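Subject: Handover of a structure and notes on its contents

Dear colleague,

Please find below the structure that I am handing over to you. My notes on it come after the display.

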Amino acid sequence: MNRRPGTWASSRAARATRQKLSDFPKPRNGRRAAGEGFRAPFTNGTRDTTFRTARSPFRTTPPRTTVVRALALQADGKILIGGIFSTINGIKRDQVARLHRDGSLDTNFAASAHIDPSGQPPSYTHGVKAIVVRPDGKIVIGGFFDSVNGVARRSLARLNSDGTLDLSFDVGDGVMLNGSKLMGDIDTLVLQSNGKLLFRGYTTNGYGISPILARLNADGSVDPSFQPRGYSRVLQQPDGKLLLDDGCLTRLNADGSVDASFLPCPGRAIGSEGITPLAVRSDGMILGQTWKFTPPSHSSVPGLIWLNPDGSLNRSLYYRGSIFGADSSVSAAAFVSDGSALVAGSFTQLNNAPRGGLVRLFPGGNPPAIQFAADRIRVREDGRSVTLTVQRIGETRVAADVDYATIDGSGLAGQEFHAQRGTIHFAPLETSKTITIPILDNPLVNANKDFEILLSRPTPGVLLGLGPSVSKITIADDEHPGSVDPHFNPSLNFETNYEGGVTDPVLLLQADGKVIVGGGLLATNPITRQATSVVRLNADGSLDNTFSLVVPYSTRLGWGGELISERAVYALAAQSDGRILLGGVEALAVNGQARRNVARVHPDGTLDPEFNADIGTTNAIVRKIAPQLDGRILVVAEFPNLTNGVRLPALTRLLSNSQLDQGFRPGEIAGAVWTTEINSILPQPDGKILIAGDFTSVGGQRRNAIARLNSDGSLDTGFVANLAANGKVSSMALQADEKIIVTGDFNSVPGGIARLNPNGSLDRSLKDFIAGGLGANDLSHPPIAVLQRDGKILLAGSFFTAGNGGSIQSRQGVARVNSNGTLDTSFAAGGGFYLGEVCCELAQGPISSVLALPDGSLIVGGGFTSFDGVPRRGLARLRGDPPPRFVSIVPASPLVSQMSLNCLPGRTYAIEASADLQSWMPVRTNTASSYLLNIEVIEERSSLHRFYRAVSR
């Protein structure tokens with residue numbers, strides 16, 4: 001970190017303070033959401049503020065039940081977890097992972113336990129359910145899985161300390177007990193002092209399925225000296241005794257005999273039944289889970305319970321912290337050396353405070369301490385200021401003070417932010433204060449900058465370091481490609497969908513740069529003042545007051561006779577003469593005139609009275625409109641109702657006068673599954689027509705998801721592209737060389753994007769590109785591919801990562817691909833598109849429309865409410881590549897000028913010269929290695945005046 005001489009950050013006091021803080025754990029990656037450090041009950045309801053997982057860190061893809069069911073601690077303090085999840089804080093992890101002591105993900109440990117090789121989503125019974133760590137550092141996992149790290153291992157496996165599979169421990173396709181194979185489920189593991197392994201699995205008998213406890217030798221073979229017995233849960237105490245959940249609670253001596261000194265069934269004293277042992281503390285205290293039946297409904301509520309070493313209930317600990325406060329079960333617990341306990345399960349809250357599956361409970365009372373609420377904050381450069389919350393925890397009955405000061409990093413005070421320093425005063429019982437730091441907007445494109453703010457010199461007796469006392473602020477540049485354009489923010493009222501986002505809009509870019517927006521829009525026409533679902537925006541996002549089109553929502557009678565209002569327009573297209581085509585419901589009303597599914601209006605929005613189409617369908621919705629170069633119009637209409645279990649698409653063509661083209665006769669487009677859809681239709685310059693979607697045959701011939709038709713609608717047999725045995729193509733884009741970009745859910749090319757040659761064969765240049773989350777992860781909002789003028793490919797959809805091979809990078813819903821198939825790393829959309837919290841976690845907003853503008857920027861429409869933390873409801877414009885900009889031109893000598901350009905790293909730029917501003921000649925070409933490119937240009941002796949410009953190559 002660069003600090004200027006004489007600043008506070010370079011003082012001896014600051015260095016001493018920072019050295020002291022280094023003794024405390026800090027997060028290694030990710031951002032910490034406000035409110036983390038969950039306040040959970042332990043012995044007195046306090047919290048551990050150093051443990052940092054997100055509110056809902058664990059996810060499955062597709063979203064299904066997410067549970068943490070197993071915990072284990074390594075000797076170095078790292079935390080092993082297992083359960084049902086496929087990502088942690090957005091990073092892929094299959095059912096097993098390792099965390100650092102502060103709760104951040106250990107990215108060097110990448111074991112995976114595959115649940116269902118057939119690709120079906122996980123169920124509640126699947127996953128990793130038990131983990132133990134051997135003295136040699138090796139790790140044993142048990143559960144319901146079929147393979148580990150791609151190698152067949154049924155329900156039980158041993159890993160090396162780095163997460164790789166230990167091949168010397170092999171139970172094959174299942175453990176054999178008494179001649180019969182154990183069922184694929186192991187939920188308990190106990191490592192004994194002699195290295196043998198107790199486990200609980202399930203067997204079948206004449207009465208059904210029964211749990212059974214058995215033992216394996218160190219090499220994985222069955223120990224015949226241990227008689228299998230039917231207990232539900234087993235936990236080994238430090239003294240070798242075994243706690244067994246047998247419907248009550250029993251303890252066995254090390255030799256297997258019953259320990260008569262242990263009190264049986266302690267849960268009955270509090271109105272519960274059995275107790276499941278979770279963990280034993282070094283002093284012999286037992287932490288367990290039980291279920292309490294509460295009147296009047298007598299519903300069962302899960303909670304934690306303390307038992308003394310003899311099995312008696314410890315009421316003094318039990319009644320503190322309202323232990324019965326989880327919304328679902330606790331599956332595992334483990335004690336840390338400092339006395340705190342990690343507790344994991346399927347709960348999403350504990351004592352009415354949100355927490356997703358994993359918490360740490362702090363022992364004893366928190367000492368008085370001061371901390372930041374978040375150790376990392378991201379703010380946009382145009383955000384004007386950033387506000388940090390400083391919290392006081394523990395004892396708060398007396399006043400307390402703490403000093404604070406900003407510290408330069410890559411961001412410098414006076415250039416990126418205003419330096420701040422001072423003292424915060426907490427009054428008695430006051431627990432929260434804020435610090436506001438002004439942010440300076442730099443008009444140049446540059447890298448993100450960061451700086452820190454440090455707490456120091458607290459009131460004597462008040463601690464720093466229990467939580468973050470240094471907070472890192474990252475200032476995100478708002479000029480780089482992919483950042484939201486703050487100047488484009490149309491105030492449009494989109495209909496709210498069931499997830500709390502907006503109903504997907506449809507967009508149309510006109511030749512003059514204006515944008516027509518329709519679909520799920522509730523607006524007022526600025527000329528007629530009538531309600532409309534279609535408006536036109538000027539290039540700056542303002543409402544176009546010259547556009548008179550009015551298309552109200554459609555109304556129909558529901559099953560109960562009630563009047564239902566629904567969107568009328570589903571498709572927009574522009575003809576070469578500037579007239580606008582609209583497609584939608586059968587009862588389409590345009591400027592007060594009835595139209596059936598399709599209408600055409602003039603550029604000013606007035607109805608074209610000569611265009612009155614009838615596509616010959618009933619109760620259909622026109623989903624796609626594609627005008628051809630000769631003026632004919634392709635129409636895709638979808639029947640909303642099923643016919644013989646199949647939803648049929650109608651592919652029709654209209655003449656320019658709106659009459660049906662009787663010479664266009666496409667064959668039947670059919671599918672092997674219950675839906676058949678045309679998601680994309682693309683006329684080629686030669687008159688042929690590309691169609692793509694969810695189908696398996698065209699005209700009786702096999703075609704999977706994509707086909708090409710001749711001009712008359714017949715199948716082009718020379719085009720064959722079998723992308724998937726059963727899958728779908730969701731979008732297409734045609735390159736200038738007639739190659740085709742396709743996106744969707746197909747299995748022959750991983751990653752959801754491919755490029756085809758003009759004959760349909762696969763162009764291998766895109767075969768390694770992967771956008772994580774494309775295709776099957778969200779078929780309701782399929783990915784979209786759009787071509788820029790420079791040949792780059794814009795991808796928009798519901799994905800979180802994108803890239804090639806080992807260069808996968810975070811990309812939240814939008815990415816740009818170079819024409820050679822590599823990720824364009826200069827284009828990054830920051831935090832991406834979101835629609836807010838859905839089901840207790842921040843959900844990504846789906847994208848339905850993308851427009852590539854001539855200047856390289858793009859307009860995106862979809863079901864989102866914000867982009868990169870900036871409120872944007874349903875519509876946003878993202879910046880394209882900034883043009884090179886002269887920062888300075890300084891004469892280095894009478895014949896040499898030193899020029900500095902603000903530009904993008906990795907791009908090639910040319911300096912061109914002109915004497916008359918008419919003809920230009922390149923004089924220097926350089927490739928930028930940073931955001932500032934310095935170029936020396938030799939002046940011509942004969943020239944009195946010379947003009948320069950910079951262009952990107």
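The notes below treat the model as a whole, then its sheets, and then its salt bridges.

Overall description

Please bear in mind that this is a predicted model. The average pLDDT of the protein is 78, and 76% of the residues reach a score of at least 70. Two stretches call for separate mention. Residues 52-65 have a pLDDT below 50, and this stretch makes 59 contacts in the model beyond near neighbours in sequence. Residues 117-124 also have a pLDDT below 50, with 13 contacts in the model counted on that basis.

The secondary structure consists of two helices and 81 strands. Of the 953 residues in the protein, 53% are buried. The accessible surface amounts to about 40,100 Å², and carbon and sulfur atoms account for 51% of this area. If one takes the contacts between residues at least 6 apart in sequence, 50% of them connect residues at least 24 apart.

Sheets and strand pairs

One open sheet is built from three strands in the order E8-E9-E12, with antiparallel pairing. Its edges are formed by strand E8 (127-133) and E12, each of which pairs on one side only. From one strand to the next, the twist averages 25°. Within this sheet, six bridges connect E8 with strand E9 (residues 139-144) in the antiparallel sense. Val 132 has Val 140 of E9 opposite it.

A further open sheet has four strands, arranged as E59-E60-E61-E62 and again paired in the antiparallel sense. Strand E59 (728-734) and strand E62 (762-763) each have a single partner strand, so one side of each has no neighbour in the sheet. Strand E61 (residues 753-756) runs antiparallel to E62 and is joined to E62 by two bridges. Leu 756 has Leu 762 in E62 as its bridge partner.

A third pairing concerns strand E72 (residues 858-862) and E75, which are antiparallel and share four bridges. Leu 858 is placed opposite Leu 878 of E75. In a regular strand, side chains alternate between the two faces of the sheet. Strand E75 (residues 875-878) has Leu 875 and Arg 877 pointing one way, while Ala 876 and Leu 878 point the other way. Which of these residues are buried? All of them are, on either side of the strand.

Salt bridges

The model contains 43 salt bridges. Three pairs are described here in detail, followed by one network.

In the first pair, the side chains of Asp 170 and Arg 153 form a salt bridge with an N to O distance of 3.3 Å. Asp 170 is located in the loop between strand E12 (156-159) and strand E13 (176-177), and Arg 153 in the loop between strand E11 (151-152) and E12, so this salt bridge ties together parts that lie 17 residues apart in sequence. Asp 170 has a relative accessible area of 42% and is therefore partly exposed. Arg 153, with 4% relative accessibility, is buried.

In the second pair, Asp 608 and Arg 579 form a salt bridge whose closest N and O atoms are 3.0 Å apart. Both partners sit in loops: Asp 608 between strand E49 (598-601) and strand E50 (621-627), and Arg 579 between strand E45 (569-574) and strand E46 (580-584), so the pair ties together parts 29 residues apart in sequence. Asp 608 is buried because its relative accessibility is 3%, which falls under the 20% limit. Arg 579, at 21%, counts as partly exposed.

In the third pair, a salt bridge joins the side chains of Glu 638 and Arg 623, at 3.9 Å from N to O. Glu 638 belongs to strand E51 (residues 633-638) and Arg 623 to strand E50, so the two partners are 15 residues apart and the pair links distant parts of the chain. Glu 638 has a relative accessible area of 18% and is buried. Arg 623 is partly exposed, at 30% relative accessibility.

Finally, Lys 792, Arg 816, Asp 824, Asp 881 and Arg 907 are joined into one network by salt bridges that share partners.

Yours sincerely

Terms used: Residues are numbered from 1 along each chain as its sequence is written. This is a predicted model: local features need pLDDT of at least 70, side-chain atom pairs count only at pLDDT 80 or more; totals for chains, interfaces and linings use all residues. Side-chain values use heavy atoms; hydrogens and water are left out. Buried means under 20% relative accessible area, exposed over 50%, partly exposed in between (1.4 Å probe, protein chains only). Two strands pair if DSSP finds at least two bridges between them. Contact means heavy atoms within 4.5 Å. Accessible areas come from the Shrake-Rupley method with a 1.4 Å probe; for residues, only the protein chains shown count as cover. A salt bridge is a side-chain nitrogen of Lys or Arg within 4 Å of a carboxyl oxygen of Asp or Glu. Axes are lines fitted to C-alpha atoms, for helices over the stretch in contact, and angles run from 0 to 180 degrees between N-to-C directions. pLDDT is the predictor's confidence in each residue, from 0 to 100.
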